[in-house]
Amino acid sequence: GTDLPAYYQQYGGFVFAAGINKYMFINLNRPIVDDLVRVKYTQTEIVRHRDELQHEIAREALRLMGIEHGVEIISIADVPAGTGLGSSSCYAVGLLNALHTLQRHPVSFQELAEEACQLEIEVLGKPIGKQDQYMAAFGGLTVLEIAPDGTVSISQPTIPATVLDDLQRNMLVFYTGSERSSLDILSEQSRGAATRQETVLESLHAIKEMGYRIKEEIERGDLTSFGLELDRHWQAKKRLSSRVSNPRFDEIYELSKQNGAL
């Protein structure tokens, strides 16, 4: 939440995030038989010019790179859209990376992440932050410090290999079968931060402080404190919007804690 412009422009943002081993694969081709634009995802679009595309990110990425026609884009993902794992930003970063490679113009991870932010936040006007694009570009365990002017400083924490191994063996990710758009929730958070709603601001301030503590706990290998901090983080997150969770998720969460999860 602290990566949203409405928050970091006032207070600066801090994110300590982890990439997971689930991927978005982008295949990019120049067709040899015609000059059409083909984009294949859950749907298939075949058009004469990029401006006719319904897929917003593909259309605007091609515009950003100055490509009008004669290209085929195929995407395959390990997870469906709407799972809260930043799949749209993974698509944006992956496609921009592929287009730069096609044009033999390699760019740094940071340039790639900023281009994806420009595409999603400025061009498409999505009410999202900078975490997803930067994590798609950098992966791993990465710290993002966001200045009020939007400049992002990236660093990797110093974590012993044994702690990383313990971290991986003590964390699980489950697919709940639920899919939803996060845009409404993020819009609500952004409005709350921009209008300085007390509950939203207090929760975001608390979340940022937890981020600093979590980084310290993981660096010193205190994974029990980290687990307990994640629980406090989730309680603070739920105060940002009534739509962050729902009764089913709350039931699963409590059942997990009753059976030994921190």
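## Helix H6 and Val-163

A helix here is a DSSP run of H or I with at least four residues, and helices are numbered from the N terminus. Keep that in mind as you look around this model, which is a predicted one. A handy place to start is Val-163, which sits in helix H6, spanning residues 161-169. Is Val-163 buried or exposed? Its relative accessibility is 9%, and buried means under 20%, so Val-163 counts as buried.

Leaving aside residues up to four places away in sequence, Val-163 touches Ile-218, Gly-221 and Leu-223. Now look for Asp-34: this residue is 129 positions from Val-163 in sequence, and their C-alpha atoms are 53 Å apart in space.

## The chain as a whole

Stepping back, the protein chain has 10 helices and 7 strands. Its radius of gyration is 20 Å, close to the 18 Å that the globule rule gives for 262 residues, so the chain is as compact as a globular protein of that length. If you drew a box around the C-alpha atoms along the principal axes, that box would be roughly 60 × 40 × 35 Å.

How much of the chain is buried? Of the 262 residues, 39% are. Take the contacts with a separation of 6 or more: 66% of these join residues that are 24 or more positions apart. As for the outside, the accessible surface comes to about 14,400 Å², with carbon and sulfur atoms accounting for 51% of it. The chain has 26 positive and 36 negative charges, and the mean positions of the two groups are 2 Å apart.

## Aromatic pairs

How many aromatic pairs does the count come to? The answer is 6. One of them is Tyr-134 with Phe-138: the ring centres are 6.1 Å apart and the planes meet at 5 degrees, so this pair is stacked. Both residues belong to helix H5, residues 131-138, where they are 4 residues apart, or about one turn of the helix. Tyr-134 is buried, at a relative accessible area of 0%, whereas Phe-138 is partly exposed at 25%.

Trp-234 and Tyr-253 make a tilted aromatic pair, 6.0 Å from centre to centre with 35 degrees between the planes. This pair links distant parts of the chain, with Trp-234 in helix H9 (residues 223-238) and Tyr-253 in helix H10 (residues 247-258), 19 residues apart. Trp-234 counts as partly exposed, with 21% relative accessibility. Tyr-253 is partly exposed as well, at 22%. Back at H5, Tyr-134 and Phe-138 join Phe-109 in one aromatic cluster.

## What helix H5 packs against

H5 is worth another look. Its buried residues are Gln-133, Tyr-134, Met-135 and Ala-137. Which elements do the buried residues of H5 pack against? Three helices and strands to find here are strand S1 (13-18), helix H3 (87-102) and helix H4 (109-123), along with strand S6 (141-146) and strand S7 (152-155). Just after H5 comes Gly-139, which takes a positive phi of about 65 degrees.

## Around strands S2 and S5

Next, find Ser-75 in strand S5, residues 71-77. With a relative accessible area of 15%, Ser-75 is buried. Not counting residues up to four places away in sequence, Ser-75 touches Met-24, Phe-25, Ile-26, Lys-40, Tyr-41 and Tyr-91.

Tyr-23 is in the loop between S1 and strand S2 (24-29). What does Tyr-23 touch, once residues up to four places away in sequence are set aside? Its contacts are Ile-76, Ala-77 and Asp-78. Tyr-23 and Asp-78 are 55 residues apart along the chain, yet their C-alpha atoms are separated by 5.5 Å.

## Ser-87 in helix H3

One more stop is Ser-87, which lies in helix H3. Ser-87 is buried, and its relative accessible area is 16%. Its contacts, again without residues up to four places away in sequence, are Met-24, Pro-80, Ala-81 and Gly-82. Met-24 may ring a bell: this residue is also among the contacts of Ser-75.

Technical notes: Residues numbered from 1 in each chain as written. Predicted model: local features only at pLDDT ≥ 70, side-chain atom pairs only at ≥ 80, totals over all residues. Heavy atoms only, no water. Helix = DSSP H or I, 4+ residues; strand = E, 2+ residues; numbered from the N terminus. Rg over C-alpha atoms; globule rule 2.2 N^0.38 Å. Buried < 20%, exposed > 50% of the residue type's maximum accessible area, 1.4 Å probe, protein only. Contact = heavy atoms within 4.5 Å. Areas by Shrake-Rupley, 256 points an atom, 1.4 Å probe, with all protein chains shown as cover. Lys, Arg positive; Asp, Glu negative; His and termini not counted. Charge placed at Lys NZ, Arg CZ, Asp CG, Glu CD. Phe/Tyr/Trp six-rings, centres within 6.5 Å; stacked < 30°, edge-to-face > 60°.
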